[in-house]
Amino acid sequence: MDNLIEYNTSAFFVVDKTKPICVNNAGHYIINERNYSTNRPNGREDYQIIYVYRGEMSVVRGSKKQIVKAGNVIFYKPFETQIYTYLHHNESEIYWVHFYGTSIERILKDLSLDNLEQLYIGEDLSIPRYINSIMSNLIIHEYGFEYYCQGNLLKILAIIGRHKNEISIKQNANKERFDKVLHAMSNSNNNKMGIKEYADMCYMSISRFSHVFKETFNESPITYLTNRKIERAKTLLIESDFLIKEIANSLGYDDAYYFSRIFKKYVGKSPEDYRKDLKKRAIEDASSEYVLNHIKMESGKAILDDNKNE
């Protein structure tokens with residue numbers, strides 16, 4: 001592997017699916033000068049955890065591609081599509097471990113990790129230490145090495161579970177703090193309010209408000225607010241005959257052209273095309289329903305005629 005520094009990557013360990021817990025592979029990569037990509041459309045038959053210790057990687061899930069920065073844990077389930085790239089700039093450092101077993105599903109559920117895809121845990125030195133221990137044991141194969149690996153894996157999962165629990169507690173506390181803000185954002189009478197006004201409601205600076213809001217709801221306050229406005233715009237386009245300019249003004253946009261650009265960015269089509277498509281679909285649905293009802297009526301008449309002839 002040119003330009004890829006590979007440290008202590010473990011030998012592949014024979015898979016025995018009947019075991020409660022088994023670690024079958026682990027590794028540590030430092031990437032320099034070129035990217036290193038993985039493309040597994042059908043995934044693998046085991047679970048995988050990737051810890052971005054330094055640098056960053058790109059991850060594709062479904063049609064969405066995102067850059068995952070240092071401090072994040074990526075989680076893959078068996079047979080889940082795996083498309084990702086370790087990025088060489090900033091000399092990315094990656095730790096990973098593969099595992100499986102009949103008890104894994106229950107353990108992950110107990111730790112509330114069963115639906116985890118990605119989690120930011122920051123710099124946690126214990127995870128590289130435990131993965132290094134797993135690699136050493138898989139390579140040397142000393143007496144009882146399997147149990148050393150299992151123990152270290154359970155420690156890693158417990159650490160991630162603790163981070164997730166702490167984040168959940170913090171998010172729940174913040175959600176209560178943001179109740180008034182969310183209510184105001186959902187109120188169509190407050191469309192002229194800006195981020196400063198919402199930050200003032202929480203007695204925060206704009207930067208602090210934006211940081212805590214994104215940490216709590218996984219999107220910026222501007223994105224959250226814009227999504228609410230787009231949903232209201234969709235409703236108005238469906239249920240009213242208001243002009244696009246009137247809808248834009250009702251949502252707090254003074255410039256209808258700017259509103260149209262924002263709408264297209266989020267929806268994939270302009271407000272005009274969105275409304276036209278809905279009307280066209282409604283006409284087609286009505287026409288289909290009319291034809292279906294006509295067929296039913298004709299079928300009913302035919303049955304009655306047959307009964308009379310009998």
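# A tour of two pockets, a helix pair and a sheet

About 220 Å³ of space lies in the second largest pocket. This is a predicted model, and that pocket is the place to start.

**Stop 1: the second largest pocket.** Select Met193, Gly194 and Ile195, then add Ile222, Leu225, Thr226 and Lys229. Finish the selection with Tyr253, Tyr258, Ile262, Lys265 and Tyr266. Together these residues line the pocket. Colour them by class: eight are nonpolar, two polar and two charged. Which helices each supply at least two residues of this lining? They are α7 and α9. Select that pair next.

**Stop 2: α7 against α9.** Show residues 221-239 for α7 and residues 256-267 for α9. Their axes come within 10 Å and cross at roughly 100 degrees. Angles of 65 to 115 degrees count as roughly perpendicular, so α7 is roughly perpendicular to α9. Now turn on side chains. From α7, the contact uses Thr223, Thr226, Asn227, Ile230, Ala233, Lys234 and Leu237. From α9, it uses Phe259, Ile262, Phe263, Tyr266 and Val267. By class, this contact has eight nonpolar residues, three polar and one charged. Keep Thr226, Ile262 and Tyr266 highlighted: they belong to this contact and also line the second largest pocket.

**Stop 3: α7 against α4.** Stay on α7 and add α4, residues 179-186. How close do the axes of α4 and α7 come, and at what angle do they cross? They come within 9 Å and cross at roughly 35 degrees. On the α4 side, pick Leu182, Met185 and Ser186. They meet Pro221, Tyr224, Leu225, Arg228 and Arg232 of α7. Five residues in this contact are nonpolar, one is polar and two are charged. Leu225 deserves a second click: it meets α4 here and lines the second largest pocket.

**Stop 4: the largest pocket.** Move to Asn72, Gln118, Tyr120, Lys214 and Asn218. Of the 27 residues that line the largest pocket, these lie nearest its centre. The space there is about 1100 Å³. Which elements each supply at least two lining residues? Select β6 (64-69), β10 (118-120), α3 (145-177) and α6 (206-217). By class, the lining has eight nonpolar, 10 polar and nine charged residues. Keep β6 on screen for the last stop.

**Stop 5: the sheet.** β6 belongs to an open sheet of four strands. Trace the order β3-β8-β5-β6; the pairing is antiparallel. Which strands form the edges? β3 (36-40) and β6 do, each pairing on one side only. From one strand to the next, the twist averages 15 degrees.

Begin at the β3 edge. Five bridges join β3 to β8, residues 82-86. Select Arg40 and look across: Gln82 in β8 stands opposite.

Then go to the other edge. β5, residues 56-61, is joined to β6 by six bridges. Pick Ser58 and find its bridge partner, Ile67, in β6. Finally, follow the chain from β5 into β6. The two strands form a hairpin with two residues between them. Stop on Gly62 in that turn, where phi is positive, at about 65 degrees.

Notes: Residues numbered from 1 in each chain as written. Predicted model: local features only at pLDDT ≥ 70, side-chain atom pairs only at ≥ 80, totals over all residues. Heavy atoms only, no water. Axes fitted to C-alpha atoms, helices over the stretch in contact; angles between N-to-C directions. Parallel < 35°, antiparallel > 145°, perpendicular 65-115°, else oblique. Contact = heavy atoms within 4.5 Å. Nonpolar A, V, L, I, M, F, W, Y, C, P; charged D, E, K, R; others polar. 1 Å grid on protein atoms, 1.4 Å probe; cavity = no way out; pocket = protein on both sides within 12 Å on 5 of 7 lines; lining within 4 Å. Points joined across faces, edges and corners; volume = space filled by probe spheres on them. Pairing = 2+ DSSP bridges.
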